[in-house]
Amino acid sequence: MIKGINLTMMIGPGVPLPAPRLVLDALQSVRVISESGDAQSGFDLNFSIEKNSPLISLFMLAGGSAIPFFRVRLIATINGRAETLIDGVATQTQIASGSGGGPATLSVQGKDLSAAMDVLPFDGLPYPAMPPVARVLLILAKYAFLGVLPKTIPSLEEPPIPTDRIPRHEGSDLRYVRALAEEAGYIFRMEPGPAPGTSFAYWGPEIRFGTPQPALTIDSGHANTVESLSFRFDKEGTEIPLVFIHNRLTGVPIPIPIPADIPFLPPLGAVPPIPPKVVPLDNTAQLSPVQALVRGFGYAARHSKAVQGSGTLDVLRYGRLLRAGAPVGVRGAGYAFDGLHYVERVTSNLARESFKQEFSLTRNGLFPTVASVAA
């Protein structure tokens, strides 16, 4: 579509195959929203078609009940490096008739492969003596035929004793897995794998460290890699959770505030604000001390976003795709906002003449914790 960028589309029920030329010629734009937390990623494809085009029948069936899992996989190759934008399923189709004899517009929307887990309810299915991670692994095994690979981190909850209680499934697989993640202070999300046809189902804490992506550079002349970048500081986005530990001797719950500096969430900002709110968490006194603390850590991780940034970049100028769910360096934004940030969301907009990304960044406070970032 663009010199230096090649888009590969694979479609089909179950196992997707390379899209025929007819589909690629009709494709006008692609929009992919990649999330870092437990929200679903999604895509939106727009085609320009004639009113009798076979694509209408194909994608109308894909967005309906005739084809339950119509896969759509989008792979962008930039400077010889192939990266999966999304691997998901079509969930909705729309068509708008052209005016004045012009072509019609067909829009296909979809979500990542977690949408396949939200089809059937399995209420009442028992899980005797199984800790949460074992239940998650058993549920994810159903979706191995879609290339879903589990990537789980065991929680600290002990297996329930069958004579005390037997956990039972509630709702769809997606709803139940997310409920287990919330109880453990975890997140659940789908991550497109580097290998074609695979996606990782991550169930664990939201980890915000790793190898930083190349820096986003602004206001630096020819070294600029972004078109726009702005930040705002808002301490109202921070809270201190208060968990309660049950004292067996006195029977009185002991309140314990949870700081934002936790092991899997290292501070990216050197000076965090003092949170203006202290929020008591419900039902933590009924948990074990370890479980209550983990629940508090998860809440603190989701409410420590004092600095938020947003901007746009041209993918060709940046030289690669910016990925959500990983840290990235920032240069040229001023000392208060330079340094490492966490990429919370990326929206990729691919048209026939351009490939741009809108992004959202976050971190816990002002001023960098590192002396420099990689270009």
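In the predicted model, P132 touches S155, E157, L180 and W203 when residues up to four places away in sequence are not counted. P132 itself belongs to helix 3, which spans residues 132-140. Its relative accessibility is 2%, so P132 counts as buried, the limit for that class being under 20%. For S155, one of these partners, the separation from P132 is 23 residues in sequence, while the C-alpha atoms of the pair are 7.2 Å apart in space.

W203, another partner of P132, lies in strand 10, formed by residues 199-204. The relative accessible area of W203 is 0%, and the residue is therefore classed as buried. The contact between P132 and W203 thus joins a residue of helix 3 to a residue of strand 10, and buried status applies to P132 as well as to W203. With respect to I33, W203 is 170 residues away along the sequence, and the C-alpha atoms of W203 and I33 are 20 Å apart.

A further buried position is found in strand 7 (residues 104-112), where Q109 is located. Q109 has a relative accessibility of 16%, which falls under the 20% limit, and so it counts as buried. The side chain of Q109 forms a polar contact of 3.4 Å with the side chain of D44. D44 also appears among the residues that Q109 touches beyond four places in sequence, together with F43, A90, T91, Q92, T93 and Q94.

T238 provides a buried site outside the helices and strands: the residue is placed in the loop between strand 12 (228-233) and strand 13 (240-246). Its classification as buried follows from a relative accessibility of 5%, because buried means under 20%. Within the chain, the side chain of T238 reaches the backbone oxygen of K235 at a distance of 2.7 Å. Once neighbours within four places in sequence are left aside, the contacts of T238 comprise P273, P275, P276 and K277, along with H303, S304, K305 and A306.

A270 is situated in strand 15, which covers residues 269-271. At 45% relative accessibility, A270 is partly exposed, because this class lies between the 20% limit for buried and the 50% limit for exposed residues. Contacts of A270 beyond four places in sequence are made with L366, F367, P368 and T369. T347 is 77 residues from A270 along the chain, and the C-alpha atoms of A270 and T347 are separated by 28 Å.

Backbone geometry was examined at two loop positions. Most residues other than glycine have a negative phi. D219, however, is a residue other than glycine with a positive phi, near 55 degrees. D219 occupies the loop between strand 11 (213-217) and strand 12. With 66% relative accessibility, D219 is over the 50% limit and therefore counts as exposed. N283 likewise is not a glycine and has a positive phi, of about 65 degrees. The loop that holds N283 runs between strand 16 (278-280) and helix 5 (289-302). N283 is exposed as well, since its relative accessible area of 51% is over 50%.

At the level of the whole protein chain, the secondary structure comprises 6 helices and 21 strands. The radius of gyration is 23 Å, close to the 21 Å given by the globule rule for 375 residues, so the chain is as compact as a globular protein of that length. Taken along the principal axes, a box of roughly 80 × 55 × 35 Å is filled by the C-alpha atoms. Buried residues account for 47% of the 375 residues of the chain. Of the contacts between residues at least 6 apart in sequence, 69% join residues at least 24 apart.

The surface and charge content were also computed. The protein chain exposes about 17,600 Å², of which 58% is supplied by carbon and sulfur atoms. Its charged side chains number 32 positive and 31 negative, and a distance of 3 Å lies between the centres of the two sets.

How values were computed
Residues are numbered from 1 along each chain as its sequence is written. This is a predicted model: local features need pLDDT of at least 70, side-chain atom pairs count only at pLDDT 80 or more; totals for chains, interfaces and linings use all residues. Side-chain values use heavy atoms; hydrogens and water are left out. Helices (H or I, at least four residues) and strands (E, at least two) are DSSP runs, numbered from the N terminus. The radius of gyration is taken over C-alpha atoms; the globule rule is 2.2 Å times the number of residues to the power 0.38. Buried means under 20% relative accessible area, exposed over 50%, partly exposed in between (1.4 Å probe, protein chains only). Contact means heavy atoms within 4.5 Å. Accessible areas come from the Shrake-Rupley method with a 1.4 Å probe; for residues, only the protein chains shown count as cover. Lys and Arg count as positive and Asp and Glu as negative; His and the chain ends are not counted. The place of a charge is taken as NZ of Lys, CZ of Arg, CG of Asp or CD of Glu. A polar contact is a pair of N or O atoms within 3.5 Å; within protein, one must be able to donate a hydrogen and the other to accept it, and residues adjacent in sequence count only if both atoms are side-chain atoms.
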